[in-house]
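Welcome! Have a look at the structure below, then work through the exercises with it in view.

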Amino acid sequence: MGVLDHLSHVFDCSSGSSKLKKRKQFQTVDIKVRIDCEGCERKVKRSVEGMKGVKTVEVDPKQNKLTVVGYVEPAKVLARVAHRTGKKAELWPYVAYDKVAHPYAPGVYDKKAPPGYVRKSDDPQVQSLARATSFEVRYTTAFSDDNTDACVIM
């Protein structure tokens, strides 16, 4: 730390706390918002275009999805869309179909989801469907075609 840095900290005249401001991270925020027509599409897009830190805004009316890329906070983008448009908005609740172990499990499959997507689930009961217990594994592999000793057991 140099002399100038030390002096700038000693003679800091800025009001407020002396803590450094945390810089926002560059991120992509996906929001689900109902888009019925081209007017709704324009309204949703314009609601976030003027926000500080926004780099790009994309609207996909087919999936009812708004994608905002930039130095923004998801909660602030969500609140701004809901306030400016008067529409119900929520963070994108879906993940790609390939990312889920059991896409047709209760609580994951959603008829309203866009094609190729299923609902995100943090439910431990749904996640446990993907894992077999050691007891189940032992008996299913005992009678498989890959097991060379299966004929001896039978």
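Helices (H or I, at least four residues) and strands (E, at least two) are DSSP runs, numbered from the N terminus. The model is predicted: local features need pLDDT of at least 70, side-chain atom pairs count only at pLDDT 80 or more, and totals for chains, interfaces and linings use all residues. Residues are numbered from 1 along each chain as its sequence is written, and side-chain values use heavy atoms, with hydrogens and water left out.

**Exercise 1. Find the order of the elements in the protein chain, from the N terminus on.**

Step 1: Take stock of the secondary structure, which comes to six helices and six strands.
Step 2: Walk along the chain and read off α-β-α-β-β-α-β-β-β-α-α-α.

**Exercise 2. Work out the order of the strands in the open sheet.**

Two strands pair if DSSP finds at least two bridges between them.

Step 1: Begin with strand S2 (residues 54-60), which pairs with S3 in the antiparallel sense over six bridges. Asp-60 has Lys-65 as its bridge partner in S3. These two strands make a hairpin with four residues between them, and Asn-64 in the turn has a positive phi of about 55°.
Step 2: Move to strand S1 (residues 27-33), joined to S3 by six bridges and running antiparallel to it. Here Thr-28 is partnered by Val-69 of S3.
Step 3: S1 also pairs with S4 in the antiparallel sense, over three bridges; the partner of Ile-31 in S4 is Leu-91.
Step 4: Put together, the four strands have the order S2-S3-S1-S4, with antiparallel pairing. S2 and strand S4 (89-91) are the edge strands, as each pairs on one side only.

**Exercise 3. Decide how enclosed strand S3 is.**

Buried means under 20% relative accessible area, exposed over 50%, and partly exposed in between (1.4 Å probe, protein chains only).

Step 1: Recall that in a regular strand the side chains alternate between the two faces of the sheet.
Step 2: Sort the residues: Lys-65, Thr-67 and Val-69 point one way from S3, while Leu-66, Val-68 and Gly-70 point the other way, and all are buried.
Step 3: Since six of the six residues of S3 (residues 65-70) are buried, the strand is largely enclosed by the rest of the structure.
Step 4: For context, buried residues make up 25% of the 154 residues in the protein chain.

**Exercise 4. Describe how helices H2 and H3 pack.**

Axes are lines fitted to C-alpha atoms, for helices over the stretch in contact, and angles run from 0 to 180 degrees between N-to-C directions.

Step 1: H2 (residues 38-49) and H3 (residues 74-85) pack at about 130°, with axes 9 Å apart.
Step 2: Angles under 35 degrees count as roughly parallel, over 145 as roughly antiparallel, 65 to 115 as roughly perpendicular and the rest as oblique. H2 and H3 are therefore oblique to each other.
Step 3: Look for contacts, meaning heavy atoms within 4.5 Å. Lys-43, Val-44, Ser-47 and Val-48 in H2 meet Val-77, Arg-80, Val-81, Arg-84 and Thr-85 in H3.

**Exercise 5. Place Met-51 and say whether it is buried or exposed.**

Step 1: Met-51 is in the loop between H2 and S2.
Step 2: Its relative accessible area is 12%, so Met-51 is buried.
Step 3: Leaving aside neighbours within four places in sequence, Met-51 is in contact with Lys-76, Val-77 and Arg-80.
Step 4: Met-51 and Val-72 are 21 residues apart in sequence, and 8.4 Å apart in space, C-alpha to C-alpha.
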